[in-house]
Amino acid sequence: MAILIIPTKEVEIADNEVDEKFEHQQPGIIKSIRLPIFLLGILLMSTISADETFVGNFLGLYLKQRYHKGINVTGTVLMVTGIFYSIATLLFGYLTDRGLSRTLSVTIGLLVSITGSFLIDPSTILAAWPKYVYPGIMFGLLEVGSAMAQVSILPLLVFHDREFDLERSTEAMTGVYNTGFFLGAFLGPMLGSALLGSLSFSATFTIFAGLMLL
């Protein structure tokens, strides 16, 4: 146990030294969460999360109604798209760390997510596709786009011109990031179920894609 604790204490000491170094420069919580940044973070994360959680929660019902596929197919699709998401998160985290523009990553990610959401239902583009593989691929596309955007949103909120922005506390921006994510995760399925009460899956997918486009 002592061997495990020693490295931990060294890290703790190093963190304390960094905290002391920047303590006089760190702003208060009110100054950290400036209104434009707060709204930008909430808006980006909530729209992405709402679309992702709506499609993820209702994909099983959609596959059952349109393709008469059971829970085993839904589970397989969700598992494969989850792998896509994990790989994309690692890949674009690495690429942005190596110089890829975070703004470009978020922008392309949003466009990819919008495309995947809009095209999940073949009837959206009046195309006939007899296999359930098509919506699975489109949901995978949505997940990859979501990963591209999410991996860069928090660094964008914290950093400016690749330098630490002392007016933006990392802790405060993490709070903004998580607030947006869980707000979207709450609103997405609720809004989706309300829309499906009077609209088709095709129309609902299109509305969610439009919300991200806005």
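This report walks through the fold, the nonpolar cores, one helix and one buried acid.

What you have here is a predicted model, with local features needing pLDDT of at least 70 and side-chain atom pairs counting only at pLDDT 80 or more, while totals for chains, interfaces and linings use all residues. Numbering runs from 1 along each chain as its sequence is written, and side-chain values use heavy atoms, with hydrogens and water left out.

**Overall fold**

The protein has eight helices and two strands, where helices (H or I, at least four residues) and strands (E, at least two) are DSSP runs numbered from the N terminus. Along the sequence they come as α-α-α-α-α-α-β-β-α-α. Of the contacts with a separation of 6 or more, 78% join residues 24 or more positions apart; contact means heavy atoms within 4.5 Å. Of the 214 residues, 39% are buried (under 20% relative accessible area, 1.4 Å probe, protein chains only). The exposed area is about 12200 Å², with 69% of it from carbon and sulfur atoms (Shrake-Rupley method, 1.4 Å probe).

**The cores**

A nonpolar core is a set of buried Ala, Val, Leu, Ile, Met, Phe, Trp, Tyr and Cys residues joined through side-chain atoms within 4.5 Å. The largest one has 21 residues, and Phe54, Val55, Tyr62, Leu63, Ile120 and Phe205 touch the most other members. Five helices each supply at least two of its residues: α3, α4, α6, α7 and α8. The top contributor is α3, with eight residues. Another core, of 14 residues, lies apart from it and includes Ile48, Ala149, Ile153 and Val176.

| Helix supplying the largest core | Residues |
|---|---|
| α3 | 35–67 |
| α4 | 71–97 |
| α7 | 170–196 |
| α8 | 201–213 |

Leaving out residues up to four places away in sequence, Ile120 touches Val55, Tyr62, Tyr134, Pro135, Met138, Phe139, Leu142 and Phe205.

**Helix α4**

With 27 residues, α4 reaches 38 Å from its first C-alpha to its last, close to the 39 Å expected (1.5 Å times one less than the number of residues). Its buried residues are Val73, Thr74, Val77, Thr81, Ala88, Phe92 and Thr96. Just after α4, Gly99 takes a positive phi of about 125°.

**A buried acid**

Glu143 sits in helix α6, residues 133–158. Glu143 is buried yet has no salt bridge (a side-chain nitrogen of Lys or Arg within 4 Å of a carboxyl oxygen of Asp or Glu). The nearest side chain of opposite charge, Arg66, is 20 Å away. Glu143 does touch Glu52, Thr81 and Tyr85, not counting residues up to four places away in sequence.

Terms used. Buried means under 20% relative accessible area, exposed over 50%, partly exposed in between (1.4 Å probe, protein chains only). Lys and Arg count as positive and Asp and Glu as negative; His and the chain ends are not counted.
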